[in-house]
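Q: I'd like to take a close look at one part of this protein. Could you walk me through it, and then show me what's going on around it?

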Amino acid sequence: MTKKLPVYLSKNNGDLWLTEDEREDLKVNYRIKEIVFEGYSDFQHVMILNSYCFGNMLVLDGAVQTTAIDGYIYNEIIAHVPLSIHPDPQRVLIIGGGDCGVAKEVCKYNGVKLIDLVEIDQKVVEVCQKYLPEVSGNLSDSRVRFIYEDGVNFVRNKSLKYDLIIVDSSDPVGPAQVLFEKSFYQSLYNLLRNNGLMVCQSQSPIFHSEIMKQTFNRIKDIFPKTKMFTTIVPTYPGGLWSFTIGSKQYINPDPTKVRQIDTYYVNEQIIKHIFSLPKFMCKQIKVSHSNK
Ligand code: SAM
């Protein structure tokens, strides 16, 4: 009897396919060489699939999270932008980020003394450390503290304050839904030092514009300085992806801070112009698209 295929996978003419069900009228198919890992954790369905186009990929509840081929783009941009804005980040909190890719980027800064990585699902860290070293980098830096807890609970009433909080969450469904609430952003504000800042991925300006606008406005209601930036993530629906920064004080990046950092995507020019947004996005979030 042929083994039952895991959910989200199907066979077509003998080939194995992952179908990412982005929405009713948009599905993305990835041809798969091998199921490297598959199973349910206490929070979600977890897979590591070896794909023809993107190498090994982390898939949570059927959604591609990060891959060996393009994971560095997202992980570099969400980490190096805020790290080039804060003049001396020493304490960094990462919420989510179980693939360890963002933590790997933060570790490149010698001035950072402590990185708390608060991931709800230990299984994600385990499988990424074992099967996705291109992203996780076999992270074993003594500055990183792995805390397996819901990020919403962790940020409530904490005494230790941080210079930078990076919310590297999955999409606002399942366990990550709470990480898009205004009350969560308020908790982050309370957890930041007086000159601290936060950054989060704020979804697609093409396919999730309402969530993107809502995220930007919720953060803007709380933080004195709020900016949005973008990058292209080939394995995310539509490619173009948004990120939102909320800051208590600093908002202008120092591009020279990435000059000595080992990166594949981010460079001084990208950091220098990082807040240049396409006109349609300026209209979406009602910010001026002129240089002022
Ligand atoms: N960089 C990729 C992206 O943005 O899609 C991957 C993000 S990382 C894999 C997202 C992580 O957030 C997952 O490992 C998931 O388990 C974790 N997560 C979801 N909800 C969470 C919560 N409430 N608290 C802490 N971690 C959470």
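In which helix does Ser 209 lie?

A: Ser 209 lies in helix α7. Before we go on, keep in mind that this is a predicted model.

Let's stay with that serine for a moment. Ser 209 has a relative accessibility of 18%, and since buried means under 20%, it counts as buried. Leaving aside its neighbours within four places in sequence, Ser 209 is in contact with Ser 204 and Gln 284.

Now for the helix's surroundings. α7 covers residues 209-222, and the buried residues of α6 pack against it. Those same buried residues also pack against β7, α5, β10 and β11. Which ones are they? In α6, which spans residues 182-191, the buried residues are Phe 184, Tyr 185, Ser 187, Leu 188 and Leu 191. If you look down the axis of α6, they fall within an arc of 155 degrees, so they line one face of the helix.

Next, the nonpolar cores. In soluble globular proteins, nonpolar side chains tend to be buried together. Here the largest nonpolar core has 38 residues, and the ones touching the most other members are Val 81, Ile 94, Val 102, Val 106, Ile 166, Phe 229 and Ile 245. The elements giving two or more residues to this core are α1, β7, α2, β8, β10, β11 and β13. Of these, α1 gives the most, with seven residues.

Phe 229 is a nice one to click on. Leaving aside its neighbours within four places in sequence, Phe 229 is in contact with Ile 77, Val 81, Val 199, Trp 241, Ser 242, Phe 243, Ile 245, Ile 274, Phe 275 and Leu 277. Apart from the largest core lies another one, of 24 residues, and its members include Ile 95, Phe 154, Val 167 and Tyr 185. You've met Tyr 185 already, as one of the buried residues of α6.

From here, let's hop over to Asp 121, in the loop between β8 and α3. With 2% relative accessibility, Asp 121 counts as buried. Asp 121 and Asp 42 are 79 residues apart in sequence, but their C-alpha atoms are 7.5 Å apart in space. Leaving aside neighbours within four places in sequence, Asp 121 is in contact with Ser 41, Phe 43, Gln 44, Val 46 and Tyr 148. With Gln 44 there's also a polar contact of 2.9 Å between the two side chains. And at the start of α3, a side-chain oxygen of Asp 121 reaches to within 3.1 Å of the backbone nitrogen of Lys 123.

What about α3 itself? Val 124, Val 125, Val 127 and Cys 128 are buried there. The buried residues of α3 pack against β3, β4, β5, β8, α4 and β9.

Gln 44 also takes us to the ligand. There are 25 residues around the ligand, and those that come nearest are Gln 44, Tyr 74, Glu 119, Gly 151 and Tyr 236. A polar side-chain atom of Tyr 74 lies 2.8 Å from an oxygen atom of the ligand. For Glu 119, an N or O atom in the side chain is 2.6 Å from a ligand oxygen. Ala 176 uses its backbone instead: an N or O atom there lies 3.3 Å from a nitrogen atom of the ligand. On its own, the ligand has 590 Å² of accessible area, and the protein covers 99% of that.

Methods: Residues are numbered from 1 along each chain as its sequence is written. This is a predicted model: local features need pLDDT of at least 70, side-chain atom pairs count only at pLDDT 80 or more; totals for chains, interfaces and linings use all residues. Side-chain values use heavy atoms; hydrogens and water are left out. Buried means under 20% relative accessible area, exposed over 50%, partly exposed in between (1.4 Å probe, protein chains only). Helices (H or I, at least four residues) and strands (E, at least two) are DSSP runs, numbered from the N terminus. The arc is that of the directions from the helix axis to the C-beta atoms. Contact means heavy atoms within 4.5 Å. A residue is near a molecule or strand if one of its heavy atoms lies within 4 Å of it. A polar contact is a pair of N or O atoms within 3.5 Å; within protein, one must be able to donate a hydrogen and the other to accept it, and residues adjacent in sequence count only if both atoms are side-chain atoms. Accessible areas come from the Shrake-Rupley method with a 1.4 Å probe; for residues, only the protein chains shown count as cover. A nonpolar core is a set of buried Ala, Val, Leu, Ile, Met, Phe, Trp, Tyr and Cys residues joined through side-chain atoms within 4.5 Å.
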